[in-house]
Amino acid sequence: MSATPCSPLAGKHIVLGICGGIAAYKSVFLLRLLIKAGAEVQVVITPAGKQFITPVTLSALSQKPVVSEFFTANTGEWHSHVDLGLWADCMVIAPATASTIGKMAHGVADNMLVTTYLSAKSHVFVAPAMDLDMMAHPSTQANLDLLRSYGNTIIEPETGYLASGLTGKGRMEEPENIVKVLEQHFARTRSLEGKKVLITAGPTYEKIDPVRFIGNYSSGKMGYALAEECAARGAEVTLVSGPVAITTEAPGVKVVKVESAREMLAECEKVFAGSDISIMCAAVADYAPAAVAESKIKREHSDVPVIELVKNPDIAATLGTAKRQGQILAGFALETDNEADNAAEKLDRKNLDLIVMNSLRDKGAGFGTDTNKVTIIDRTGAYPYPLKSKREVASDIIDNIETRL
Ligand code: CTP
């Protein structure tokens, strides 16, 4: 089989997980296309999968023994799901049955495929295939939402004729299209090579006294997802983060921890001039106490205290004033009403190139959630996106920014 010239899949290590469903026959075509694109593929099949498709076909095409059990029965050889998880540049589970999706969502590691999934450090693609009622069931949908929240990409099934004889949504996406999704993923991988990115994330805390502060509910998840997405595309990222409960281990992300808006501005100013892309994702407190009490404000000694506030610097607007030709500056606008008008006004006032608007009125958007629903606004118009995991939203935002580079 001659390889597809210059496919982004060439040389990639792909774990292909196959579950027990009629669509397993399509996995043979998928495997063939992946090999043709130059990928090295390790098939991991569930015990039920083997009822639908024989490992002999799969090992002949992949030129590797197919892995299914934790041990090879006659030799006692142990198959390490940890090694496989680390080896993979990506994992694609196609077809993914309702049962395996449920196990993946809840960590039920009773077979080699799910243990490999739980050990995988790379991106995971899930291509469901099942009958329309199983697909539509709230349990399946909730499990798919959980997988999205873990950062996995769901390759939505098509609507069409199903093995049950019914017609509806549940047909596994065609192998050619699954390959396209994987190719897009790897094409993006080094798309920000050599670029420097500055991201602010989380809330700021403005001290009142040694034990109290003014803050907000921002979890930092959106900013951290953006930082990880940029690093995954090869960028050198400085993430200036307010106090949050999350961390990132992503190589390529340098986290600079700050507390107040003034500290955040000072850290941004150190790197902004050298940054190609700056994304202001932090929920910066607009005001800070004019003075910080040196010791705890006591209840008995005083009348109800009045805290005088002063305006914090506007970090985005300050950087917007210093912006050079060729630098891209993006902001966020979390609004509750007059969303589009408010966001467009901020775009101009802060000299941004684009602003990512989300509304607290949208279910699944805003603080603390693992999902977000955004509209990207620039001077050409407003571009709405559907509800997605924050990592997928991050990918959409970075795709949009890359078109401006
Ligand atoms: N921002 C900033 N510094 C501030 C306030 C906001 O850098 N002091 C940034 C945010 O990170 C975001 C954008 O500006 O990218 C919009 O933030 P938002 O709080 O919505 O705007 P404000 O200008 O504070 O307006 P308002 O609170 O009145 O809606």
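Colleague: How far from an oxygen atom of the ligand does the polar side-chain atom of Lys350 lie?

Modeller: This is a predicted model, where local features need pLDDT of at least 70 and side-chain atom pairs count only at pLDDT 80 or more, while totals for chains, interfaces and linings use all residues. Residues are numbered from 1 along each chain as its sequence is written, and side-chain values use heavy atoms, leaving out hydrogens and water. For Lys350, that polar side-chain atom and the ligand oxygen are separated by 2.7 Å.

Colleague: And which residue offers a polar backbone atom to a ligand nitrogen?

Modeller: Lys346 is a side-chain case, with a polar atom 2.7 Å from a ligand oxygen. The backbone case has a polar atom 3.0 Å from a nitrogen atom of the ligand, and it belongs to Ile315.

Colleague: How much of the ligand does the protein bury?

Modeller: On its own, the ligand exposes 560 Å² (Shrake-Rupley, 1.4 Å probe). Of that area, the protein buries 79%.

Colleague: Which elements give two or more residues to the shell around the ligand?

Modeller: Elements here are DSSP runs, with helices of at least four residues and strands of at least two. One strand makes the list, E16 (328-335). Together with that strand come two helices, H11 (315-322) and H12 (339-349), so to speak the full set is E16, H11 and H12.

Colleague: How many residues surround the ligand?

Modeller: Surrounding residues have a heavy atom within 4 Å. The closest are Met280, Ala282, Ala316, Lys346 and Lys350. The full count is 13.

Note on methods. A polar contact is a pair of N or O atoms within 3.5 Å; within protein, one must be able to donate a hydrogen and the other to accept it, and residues adjacent in sequence count only if both atoms are side-chain atoms.
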